[in-house]
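User: I am new to this structure. Please take me through it in short steps.

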Amino acid sequence: MTSDAIIETRNLSYSYPGGIRALRGIDLDIRQGEFIAIIGSNGSGKTTLAKHFNGLLKPSQGRVTVHGMDTRSTRVSELSRIVGFVFQNPDHQIFAYSVWEEASFGLKLQKLDADVVEQQTSEALQAVSLDELRDRHPRALSRGQRQRLATASILALRTPVLVLDEPTTGQDFVSRRQIMELAVELHAEGRTVIMVTHDMALVAEYASRVIVMQDGSAVCDASPKEVFAQDEILKSTGLDLPPVAKIARGLREYGFSDTPLTQEELVENLVTAIRS
């Protein structure tokens, strides 16, 4: 394991029962404090890859190490202290009878003091605007609220690594922004954030590193600008440019060659180009 890698995969391959090969020889180093997007079309292997990061899936071949621990011989409960995983479908991880019990469950498993459980659970629920609904049954929440509850249950654990599988699915604009700004805050505190998404606008705005999956292989590992500049990669994987990059691409015939990632960057570059 490299000195600064918190997750490392070497020749990682995985086949589902029945022989469907989902991952093919993946080598990655994920360092503490990165903000990574894993992208690709449906069936490309991006969620399967992410599930190896906390032992939800075990390699068919190769190995995965998390904080020096081989996932093949380490319990998921131990790995989940390092890597928190928020599922795309919140109903796959919600089971308690109240919002509070759901958000505090993982902390209670760790046998922490009651005041620590109280503080960290309350802070997590406040972060996703669910503290006032602490006594409500999770099934009485909207899907978007259940997604935020699932996020809160992982946030409460304060793991060094946070994996978000399609974090904004089913969210309105305000909730979408809330979840992503929360991810930014966690990243600023030094946590590693790994986002599995098909939303290229999210990738452009938040990620500093992009891993592109295709047919179970990592076909590109670069910055967002470098990925969005590779037409062949985008075409072969069926990915689309984010709106801002599309506008910039349409201005190429006028001599505009940059690949901005945000609206502010696009405006700034346009002003510079006009002035020159």
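User: In which strand is N11 found?

Analyst: This is a predicted model. N11 is not a glycine, and its phi is positive, about 50°. The residue is found in residues 5-16, the strand β1.

User: Is N11 buried, partly exposed or exposed?

Analyst: The relative accessible area of N11 is 43%. Buried means under 20%, and exposed means over 50%. The value for N11 lies in between, so N11 is partly exposed.

User: Where is H67 placed?

Analyst: H67 is a residue other than glycine with a positive phi, near 55°. Its place is a loop. That loop runs between β4 (61-66) and β5 (69-70).

User: In what order do the six strands of the open sheet lie?

Analyst: The pairing in this sheet is mixed. The edge strands, each paired on one side only, are β6 (83-86) and β10 (217-222). Neighbouring strands are turned by 15° against each other on average, direction ignored. The order is β6-β7-β8-β3-β9-β10.

User: Which residue of β7 stands opposite G84?

Analyst: β6 and β7 (residues 161-165) run parallel. Four bridges join them. Opposite G84, in β7, stands L162.

User: Which helix lies across β6 and β7?

Analyst: The helix in question covers residues 143-155. It runs at about 175° to β6. This is helix α5.

User: What angle does the direction of helix α6 make with that of β3?

Analyst: Helix α6 (residues 173-188) packs on the sheet. It touches β3 (35-39), β7 and β8 (192-196). Its direction makes an angle with that of β3 of about 135°.

User: How many of the six residues of strand β9 are buried?

Analyst: β9 spans residues 209-214. It is largely enclosed by the rest of the structure, because the count of buried residues there is five of the six.

User: What is the bridge partner of A37 in β9?

Analyst: β3 and β9 pair over four bridges. The sense is parallel. In β9, the partner of A37 is V210.

User: Which residue of β10 stands opposite V212?

Analyst: Five bridges pair β9 with β10. Here the sense is antiparallel. Opposite V212 stands C220.

User: Which residue takes a positive phi in the hairpin of β9 and β10?

Analyst: This hairpin has two residues between the strands. The positive phi is near 50°. The residue that takes it is D215.

User: How much area does the nonpolar surface patch of F95, F105 and L109 cover?

Analyst: Start with F95, in the loop between β6 and α3 (99-109). Patch residues need over 30% relative accessible area. F95 is partly exposed at 48%, so it passes that cut-off. With F105 and L109, it makes a patch of about 310 Å².

User: What covers the buried residues of α3?

Analyst: The buried residues of α3 are V99, W100, E102, A103, S104, G106 and L107. An α-helix has 3.6 residues a turn, so residues three or four places apart point the same way. The cover over the buried residues of α3 includes α4 (114-127) and α5.

User: Which residue with a positive phi follows α3?

Analyst: Look just past the helix α3. The phi there is near 55°. The residue is K111.

Technical notes:
Residues numbered from 1 in each chain as written. Predicted model: local features only at pLDDT ≥ 70, side-chain atom pairs only at ≥ 80, totals over all residues. Heavy atoms only, no water. Pairing = 2+ DSSP bridges. Axes fitted to C-alpha atoms, helices over the stretch in contact; angles between N-to-C directions. Contact = heavy atoms within 4.5 Å. Buried < 20%, exposed > 50% of the residue type's maximum accessible area, 1.4 Å probe, protein only. Patch = residues over 30% accessible without salt bridge, like charges linked within 9 Å, V, L, I, M, F, W, Y side chains within 5 Å. Areas by Shrake-Rupley, 256 points an atom, 1.4 Å probe, with all protein chains shown as cover. Salt bridge = Lys/Arg side-chain N within 4 Å of Asp/Glu carboxyl O.
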